[in-house]
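Please look over the sequence and the model together, and follow the account below from the inner space to the surface.

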Amino acid sequence: MKFIAASLLLSSAAAFNAFAPKKAAKVAVPTYNVEDLPGILAPVGFFDPLGFAAKADEATLKRYREAELAHGRVSMLAVVGFFVGEKVEGSSFLFDAS
């Protein structure tokens, strides 16, 4: 019984040995491909007419997409505000209210 307890203690202490050969951890480097972004449609593909993606890295592209979503949401709220103003005011400079 003492032998088993001693061998268990020694084997568990060997796990914390600083002089043991260290194994190199394999880190998978994710490859970032612009063509795999969500929202790319089949007939058009990746739509970048001004070529911003050619000079951008992954973090910059993610920032561009975040800004695109934010600006889209603000524009949708602006359109809703325009229509609410039309309903409240009753007159319009774009539509004929009569």
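How much space lies in the largest pocket? In this predicted model, the largest pocket holds about 540 Å³ of space. Its lining is made up of 21 residues, and among these F46, F47, D48, R65 and E68 are the closest to the centre of the pocket. Divided by kind, the residues of the lining comprise 15 nonpolar, two polar and four charged.

From the pocket we may turn to the pairing of charges, since side chains of opposite charge can pair when their charged atoms come close. A search of the whole structure finds one salt bridge, and in this model the side chains of K62 and E58 meet in a salt bridge with an N to O distance of 3.2 Å. Both residues belong to helix 2, which covers residues 58–89, and because K62 and E58 are four residues apart there, about one helical turn separates them. As for their surroundings, K62 has a relative accessibility of 49% and therefore counts as partly exposed, while E58, at 34% relative accessibility, likewise counts as partly exposed.

A further feature is found on the surface, where L50, F52 and Y64 make a nonpolar patch of about 330 Å². Of the residues in this patch, L50 has its place in the loop between helix 1, residues 2–14, and helix 2. With a relative accessibility of 64%, L50 counts as exposed, because the term applies to residues over 50%.

Technical notes:
Residues numbered from 1 in each chain as written. Predicted model: local features only at pLDDT ≥ 70, side-chain atom pairs only at ≥ 80, totals over all residues. Heavy atoms only, no water. 1 Å grid on protein atoms, 1.4 Å probe; cavity = no way out; pocket = protein on both sides within 12 Å on 5 of 7 lines; lining within 4 Å. Points joined across faces, edges and corners; volume = space filled by probe spheres on them. Nonpolar A, V, L, I, M, F, W, Y, C, P; charged D, E, K, R; others polar. Salt bridge = Lys/Arg side-chain N within 4 Å of Asp/Glu carboxyl O. Helix = DSSP H or I, 4+ residues; strand = E, 2+ residues; numbered from the N terminus. Buried < 20%, exposed > 50% of the residue type's maximum accessible area, 1.4 Å probe, protein only. Patch = residues over 30% accessible without salt bridge, like charges linked within 9 Å, V, L, I, M, F, W, Y side chains within 5 Å. Areas by Shrake-Rupley, 256 points an atom, 1.4 Å probe, with all protein chains shown as cover.
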